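Hi,

Here is the structure I promised to pass on. Have a look first, and my notes follow below.

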Amino acid sequence: MAILGAGERRRRTVGTTGVAMRVEEPGRDRGVRERSTREPAPAGSDHAPAAFSPRHLHALQRSVGNRAVTAMLAGQQDRQDSQDHRPQPVQRAAEANAARVMAAPVPETDPEAHDHEHEHDHANAQGHRHGDGGRHSPSAEVAVQRAVGFEFEAQWNVRRMEENSEEVRDQRAHDRERLIDAKILEIFLRPSSPYHSRLTADERRQVAEDGGAALRAEWFGGDGLLREQGVARLAALDVTDDTRQGLITSLMARDEVTEAPLPGENLGKGRVDGLVVKGTDFDLTADASPSGGSNLEWITDPLTSVAQVGTVMDQVTAMAGYLDGRKDDTFIPSEDIRAGGGTPEPRLRIYPDGNPLSFAPQATFGAKLERLPTLIDYLGDRAPMSRLERVPVLGAGRVEGRRQAAKDLSGKGLGDLPAALAGARGAVAALLPRLGFEAQGGEANALTGLVTHLAAYLMQGQAVQAGGNAKTIAGALMSRTDFARGFGLLSQRLKDRFQENPDQFTGLVLSAAHLEGTGEQPVFGAQVERGLANDRTRTTVTLTRAQWLSGLVSGHDLLKNWQHLGETERSMVDQDSAEAVHKSLGALGDQQNLVGPQGDQEAIVTELRRMQDNVRTDQLRPLAVAVFKLVERLNADRTLKYGKRR
């Protein structure tokens, strides 16, 4: 992940990916928490809460006015009276209550800053602690934000120029055309191709008899390119320019040919080998394109405050906006890039494609295991998660915020995460009572979060298509911390129990993934590919589900690239197999990340990988700020809210 080295410029109190920061929360209403949808709802809870604090009534006043609030309170009181059979002067009491609370001026402070309802599971959150073992007093609580890093990949290409770059480009273009010619004639030889009928009857008969071996020997050389006879035969087939372009597009989609070469050399990947512009708390870099070339990618440092996010994103969007203004240029010399600050590397060229920059964002952040289910529910489950969401007027904004969050943070889908979460909840609830543990509470929530993530990996790994990228096993949510670290964050009682019986843990995860009895099957359901366009290698990863899961119990995550495995772990796997595992999976190893009210609760580092793409330059800043604030609430055990402001 691109933020691996970012922390070199920061204090290392929580490892290289971020710094915990405490922000005092004034004016917190500590007596009110939100009710989970899994709690019995009070009578009339589909309309309004039984009681509002002054702060809540002020919020209602701002939203809908005094009359609507009075009617809401009166309706609530009517329902309570009908249940208790105690006649009350309802309307008068409601009006008096509203008038008394609303007589004071409406607070001028940002309502966001005073909205501190807690999730239902906050009171029972495990909060695996670093240091003392007990939870601190609520009166001492502060919101702690673990740093959030962002990546914004865009479609334009960047190249490093050398003295002979133009000549080299011409030769590469010639070689690419020869490869395309061979690929097209090969398509005509396939009986399943709609173009096969263009061959002569005699040629089709030969293909039927020997699979096309004789014609291939005549038309193709040992290097797979066309001989003189093949060139002549392709020319006689009279392939039109439109047909040829359509076939090239298809070949590029299958990564059989690269994009048309540009002058210059590909850059490396990341903030060292791929550096384009060195900014303040961010860099413009190159990222390898799957179809060849180096795409632009903005990478931020781990950002630790809303103010820092705003400042960095102002710089990023200033730079991107400048580039957008030159989208019709043939190329943009790197030395021209001064907008947004930073120092450009020399002798680079950025190649626009005639369209504005279109971004594919990713976000990386720390989260406690027990909070992962809450995040997945928030992004995927449309049922109300809190009391306020059930209030028709006041809850409308929160429901809309959830819809927007689902679009922005999981626009390309959550994959198997919701199904894995449902399976994990059922499997954990069934197992823990048999082990003498409570089926609910922080201990169970942390186990549910870990099992959900593991089960999703297994489900997505089973569905990997032949030749797929090993990284696709992570789906929408990748764990950058390795899963052995995640297992280590469970309560000591649970760890002891599973270490006594590792098969029990393996069975739990397989059950959550609905893969019972399949422990001997490989983690990946098909061969995976590595390498870039036109230079790919397929490999069978031999690691089985049981090997992986039982290894976690003993402190070893074997689903990592060979480069990231320790000596003991390397003795447990096949090297060729491990080298095919993507380097991003579990790359941070057992690195410690601390979050929570006192900065002493352990978190795993996760990466949102299926965020909405095709994001415009002017949408980047609101998106980054909204994501940061959402993670801030997640880490503070507060009710999740999401909203973007220009």
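Of the 116 residues in the largest nonpolar core, the ones touching the most other members are Leu296, Trp298, Ile350, Leu447, Phe505, Trp548 and Leu559. H13 supplies the largest share of this core, 11 residues. By nonpolar core I mean a set of buried Ala, Val, Leu, Ile, Met, Phe, Trp, Tyr and Cys residues joined through side-chain atoms within 4.5 Å. A second, separate core has 20 residues, including Ile184, Ile187, Phe188 and Leu234. In soluble globular proteins, nonpolar side chains tend to be buried together.

Before you read on: this is a predicted model, where local features need pLDDT of at least 70 and side-chain atom pairs count only at pLDDT 80 or more, while totals for chains, interfaces and linings use all residues. Residues are numbered from 1 along each chain as its sequence is written, and side-chain values use heavy atoms, with hydrogens and water left out.

Back to the big list: leaving out residues up to four places away in sequence, isoleucine 350 touches Trp156, Asn157, Val158, Val276, Leu284, Leu296, Leu323, Phe331, Ile332 and Ile337. Contact here means heavy atoms within 4.5 Å.

Phe505 takes us to helix H16 (residues 502–512), where Phe505, Thr506, Leu508, Val509, Leu510 and Ala512 are buried. (Buried is under 20% relative accessible area, exposed is over 50%, and partly exposed is in between, with a 1.4 Å probe and protein chains only; helices are DSSP runs of H or I with at least four residues, strands are E runs of at least two, and both are numbered from the N terminus.) These buried residues pack against helices H12 (417–435), H13 (442–462), H14 (483–488), H15 (492–500) and H17 (545–553). Just after H16, histidine 514 has a positive phi of about 60°.

Arginine 609 is worth a click too. It is in the loop between strand S17 (604–608) and helix H20 (620–635), and counts as buried because its relative accessible area is 16%. Its side chain makes a polar contact of 2.5 Å with that of glutamate 607. (That term means N or O atoms within 3.5 Å; within protein, one must be able to donate a hydrogen and the other to accept it, and residues adjacent in sequence count only if both atoms are side-chain atoms.) Setting aside neighbours within four places in sequence, arginine 609 contacts Gln362, Lys412, Lys471, Gly475, Ala476 and Met478.

The loop between S17 and H20 also holds asparagine 614, which has a positive phi of about 60° although it is not a glycine. Asparagine 614 counts as exposed, at 57% relative accessibility.

Cheers
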